[in-house]
Amino acid sequence: MEFSNINLLKPAGDQGQATEKLVAGIRAKKRFQTLLGVTGSGKTLTMAHTIAEVGRPALIISHNKTLAAQLYQEFKEFFPENAVHYFVSYYDYYQPEAYLPVTDTYIEKDAKINEFIDRLRHSATQSALTRRDFIIVASVSCIYGIGDPEEYAKMSLDLKTGTNYKRKELLERLADLQYERNEIERRAGTFSVKGEILEISSPDGELITRIEFFGDKIEKISLLSPTFGVKSQKTPSVSRHKIFPAKHFVTPKEKILRAVKNIEAELKDRLQKLKKEGKLLEAERLEQRTRFDLEMLKTTGYANGIENYSRHLSFRKPGSPPYTLIDYLPKDTLFFIDESHMSVPQIRGMYAGDQSRKQTLVDYGFRLPSALDNRPLKFEEFEKKIGQAIFVSATPGPYELERSREAELPLGSSASKSGIIEQLIRPTGLLDPTIEIRPAEEQIKNAEEEILKAVRAKERVLLLTLTKRMAEEISDYLKEKGIHAEYLHSEIKTLARTDILKRLREGEYDVLVGINLLREGLDLPEVALILILDADKEGFLRNKTSLIQTVGRAARHINGRAILYGDVITESMKFTIDETKRRRAYQEKFNREHGITPRQIKKEIRPSIFEEIKKPTDISKEIEKLSKKDRLSAKKDLEKMMLEAASSLEFEKAAKYRDILKTLA
């Protein structure tokens, strides 16, 4: 298998030696390695070169959607000819089902699914099952259950031209695969029937499969563009095509009926136990809810909250791990845990929090005990499931360092003996930021003065506080002083966060005020100044990992500097200062020996992947290829899209559609 490296930049700084050591470790079958790379040293490019050199599929795990989106975009640029996918939680909003016994409050599950992200998830699993040259960038949602991959593959529909297939049976199969019939709108996971033509919109939204019948015989299979139903340029017609299920949780009817019997048996045992304990209300509640779900399963093959019955539907033993994205991947997949000092603890903590909430639901009759097996992986299970893994961080935690030092290497191996590979040199020759300590007294006033200096120099600033309220108040204070500031914390939605960061880079904002969301992986080369308020308040937000990561946000600017406000120098502050001095000394020596003059990083401001789906494609090029009949169809589609955009108050988008419509006159 080959990954096309035509778009990969050549290694610079010490990326080359890091790549060589990582590849040697992989070939020496070393289970764990750590890439300790300073901020701005190009760890992403090193990962890309490692994947290209080894030629194996890869899963890159990031601890939040924003960083995952950034990595996804970069890998799409590195490998345009290969399959690069984005797999994160598909909820724009998610309120899990919960019960609060103290106030007798039941909170029903409430969620808003982002259909675009759902399509990307399907695209990822389909590539994992059908090809080898793929890279999936995922959040920790990849350790949550998504259904049995074997059943998912078995349930897929393999269609061939020339074969007999009764249309009614085919439509029933599509319904079993959770496709919905929709004759009006072409949406992902739907199908429509017109005469002897059946059109199926793929779950990833990338293709429409048009099947033309002659009686009960499949006469022709065409792959169409979802935009106007234009024939695909690469494969306009095929002799064979696979239709994957519209949802990851799919089970054949006969297995659903067997699962229903097992659920009924569990329900019976659970009701007896609750009644024996005198919990009559809980027993009545459980029976009503479960009976309703069972009727839905028997009738439609699906039910809201079907994931709570996943253990029965996949016939797993109690307590066994769920099937996750990892189970869809080939055994030799490479795993990269990005910003591992954050991602590893996040993966480790998922199980306990999930179980605490679900146990309460089980105890009070809202769910069967088998719902406890609808869960994320335990950390030990995750460790067993993954193959060779590379932890990537500027500040790896004790777990990563310990695991990377464990494995022994064969004699003569060129891999790093410790398994910890340092990457301290930036391709641009930039040094780590300088650090200055200032007293906490009047820190706001001093910070304001430093911000004004930076604004005059057209530099961006990140200001770190300890609380959300303080972030908002300081942001408002700076705005009153005429400074373009904005705050960023966990209550800001994911899509809004991406937009705020983009506006900072573009210069619409001069200052971002935040707590701890501005640390890992954010590529902001315009940021020259980091201001850390109350740096001497030792704790999670001011420990050595947090301080090094935060200071590192200014490492992509030639004038990068950080000011830490505190009245005492804590152990974490001392470690950060000493480690930064060590790195600067190493970098200065390297630059002298190689005649490198540090230069400012210039990086294109790319549109967010979320913006890409909001703007219309370059439709005028498509229009030139259309027949007169197809132009009429395109006109209707565009009119509908224009009206939808206008009704959503997206007037700029509506105007673009209007302008394109004029070319169809």
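Isoleucine 60 has phenylalanine 336 of strand β17 as its bridge partner. This pair belongs to the parallel pairing of β2 (residues 58–61) with β17 (residues 334–338), which are joined by 4 bridges. The model is a predicted one. The points below treat its two open sheets, one of 7 strands and one of 6 strands, then a helix pair and the cavities.

**The sheet of 7 strands**

- The strands of this open sheet follow the order β3-β8-β2-β17-β18-β1-β19, and their pairing is parallel.
- Its edges are formed by β3 (83–87) and β19 (420–423), each of which pairs on one side only.
- On average, and with direction ignored, neighbouring strands of this sheet are turned by 20 degrees against each other.

**The sheet of 6 strands**

- This open sheet has the order β10-β11-β12-β13-β14-β15, with mixed pairing.
- Strands β10 (180–181) and β15 (237–238) stand at the edges with a single partner strand each, so one side of each is left without a neighbour in the sheet.
- Within the sheet, β11 (residues 190–194) and β12 (residues 197–201) pair in the antiparallel sense over 4 bridges.
- Serine 192 has glutamate 199, in β12, as its bridge partner.

**The helix pair α7 and α8**

- Two packed helices are described by the angle between their axes and the distance between the axes.
- For helix α7 (residues 253–276) and helix α8 (residues 280–300), the axes come within 10 Å and cross at roughly 175 degrees.
- Because angles over 145 degrees count as roughly antiparallel, α7 is roughly antiparallel to α8.
- On the α7 side, the contact is made by Ile256, Leu257, Val260, Ile263, Glu264, Leu267, Arg270, Leu271, Leu274 and Lys275.
- On the α8 side, the contributing residues are Leu280, Glu282, Ala283, Leu286, Glu287, Thr290, Arg291, Leu294, Leu297 and Lys298.
- By class, the residues of the contact of α7 with α8 comprise 12 nonpolar, 1 polar and 7 charged.

**Cavities**

- The model contains 5 cavities of 30 Å³ or more.
- The second largest cavity holds about 170 Å³ of space.
- A total of 16 residues line the second largest cavity, and Gly147, Asp148, Phe249, Ser310 and Ser314 are the ones that lie nearest its centre.
- The lining of the second largest cavity divides into 6 nonpolar, 7 polar and 3 charged residues.

Notes
Residues numbered from 1 in each chain as written. Predicted model: local features only at pLDDT ≥ 70, side-chain atom pairs only at ≥ 80, totals over all residues. Heavy atoms only, no water. Pairing = 2+ DSSP bridges. Axes fitted to C-alpha atoms, helices over the stretch in contact; angles between N-to-C directions. Parallel < 35°, antiparallel > 145°, perpendicular 65-115°, else oblique. Contact = heavy atoms within 4.5 Å. Nonpolar A, V, L, I, M, F, W, Y, C, P; charged D, E, K, R; others polar. 1 Å grid on protein atoms, 1.4 Å probe; cavity = no way out; pocket = protein on both sides within 12 Å on 5 of 7 lines; lining within 4 Å. Points joined across faces, edges and corners; volume = space filled by probe spheres on them.
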